[in-house]
Amino acid sequence: MLRDRYGCGRVDAAHLNKQTRHEDVIMNPGDAPKPLSPDTEGGASYGTRRTPLRDLEVQSLRLNAVPTARSDDSRGNVSRADSAHWVLTEPRRVARDCCVFLDVDGTLLEIAELPDRVRVPDDLTALLARAAATFDGAIALVSGRRIATLDAMFAPLKLSAAGVHGLERRDDSGRIHFSSVGARLLDRARAVLNVLTVAHPGLEVEDKGVAVALHFRRRPELTELCRRLMDSLAEELGPSFHVVEGLMVFELKPSGVMKGTAIEAFHAEPPFAGRLPVVVGNDATDVEGFIYARKRGGVSIAVGTEIVGSCRLPNCVAMRRWLRQVAESAGG
Ligand SMILES: [Mg+2]
């Protein structure tokens with residue numbers, strides 16, 4: 001029983017934890033779900049060496065500016081604007097018809113000065129468990145963090161999850177798929193970045209194994225220095241790596257697999273398949289997922305003002321409130 005499995009108020013590790021299988025699946029880049037084709041209207045920048053925030057913002061704005069169908073057409077179809085409206089105002093319908101893909105930092109949780117200082121509200125794990133029961137399991141975390149880190153943050157709950165922007169993915173059965181692009185290829189980048197952080201205290205390197213992130217939130221005046229260095233490290237590594245820009249962070253990671261790729265893979269499988277995708281995020285790394293939602297007739301919810309989605313929630317508090325309304329709408 002899903003409601004037992006996810007707790008719904010009685011958080012029980014034996015029931016909450018997905019049984020992660022040890023037969024981990026190696027997913028080579030060639031095996032990965034094919035990245036989305038560039039959208040004719042918005043145009044994702046797959047295959048580029050870097051995905052600048054400003055370009056993604058423009059693409060996202062274009063998506064939002066696409067003329068929508070009439071909201072009162074003769075077939076009773078709703079327009080995109082109306083779709084966005086009902087996602088925010090009809091929680092019971094969301095619970096019944098949708099699956100949800102949630103970014104974590106800046107979406108579920110307020111951004112912290114450093115990633116390991118993020119605060120998880122006391123009741124959030126129970127809320128996620130309740131939401132998982134409401135959606136019959138069709139909810140996944142889609143984050144730049146590692147899955148192991150997400151598990152630690154929301155212990156004892158283990159939801160379906162994509163980590164490191166899609167390079168790791170744990171499906172509903174607990175099976176883990178991950179890219180085998182060699183973590184050792186990043187050894188030189190790690191060494192260079194460690195020297196950089198010694199020279200410039202306040203910069204922070206986050207080693208994710210298959211990717212490495214450089215956080216400059218505490219040294220914003222070094223943004224351009226960090227950008228140039230990460231670009232040059234990507235150049236050295238060749239086309240199989242690129243730099244993804246997030247909020248006050250540059251991440252050097254293998255090309256070809258991003259959050260949207262992971263969302264597409266989830267959406268092809270139960271319990272997500274057949275439900276309308278709702279993608280919730282806050283920065284440029286989420287835009288690819290927004291584009292996927294749009295292509296599949298779903299909805300994107302932007303949290304804050306950094307990017308543009310089908311609709312917007314002002315902050316993480318409002319996002320958690322929306323999730324609670326949906327989770328509780330089914331009486332779960
Ligand atoms: Mg985020």
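Is Arg170 buried or exposed? I took this up at the start of my entries on this predicted model.

**Arg170**

I counted 26 C-beta neighbours inside 10 Å of Arg170, and because 20 or more suffice for burial, Arg170 counts as buried. I located Arg170 in strand 6, which covers residues 168–170. I then looked up its separation from Leu159: the two lie 11 residues apart in sequence, and their C-alpha atoms are 8.2 Å apart in space.

**Helix 6**

I turned next to helix 6, residues 124–134, and found this helix mostly covered, with eight of its 11 residues buried. I noted the buried positions as Ala126, Leu128, Ala129, Arg130, Ala131, Ala132, Ala133 and Thr134. I also checked the backbone just after helix 6, where Asp136 has a positive phi of about 50°.

**Helices 10 and 11**

How do two packed helices get described? I used the angle between their axes and the distance between the axes. For helix 10 (residues 259–267) and helix 11 (residues 287–295), I recorded axes that come within 7 Å and a crossing angle of roughly 40°. I therefore entered helix 10 and helix 11 as oblique to each other.

I listed the residues that meet: on the helix 10 side they are Lys259, Gly260, Ile263 and Glu264, and on the helix 11 side Glu288, Gly289, Ile291 and Tyr292. By class, I sorted the residues of this contact into three nonpolar, two polar and three charged.

How values were computed:
Residues are numbered from 1 along each chain as its sequence is written. This is a predicted model: local features need pLDDT of at least 70, side-chain atom pairs count only at pLDDT 80 or more; totals for chains, interfaces and linings use all residues. Helices (H or I, at least four residues) and strands (E, at least two) are DSSP runs, numbered from the N terminus. A residue is buried if 20 or more other C-beta atoms lie within 10 Å of its own, exposed if 12 or fewer, and partly exposed in between; C-beta atoms are placed from the backbone. Axes are lines fitted to C-alpha atoms, for helices over the stretch in contact, and angles run from 0 to 180 degrees between N-to-C directions. Angles under 35 degrees count as roughly parallel, over 145 as roughly antiparallel, 65 to 115 as roughly perpendicular and the rest as oblique. Two residues are in contact if their C-beta atoms, placed from the backbone, lie within 7 Å. Ala, Val, Leu, Ile, Met, Phe, Trp, Tyr, Cys and Pro count as nonpolar, Asp, Glu, Lys and Arg as charged, and the others, Gly among them, as polar.
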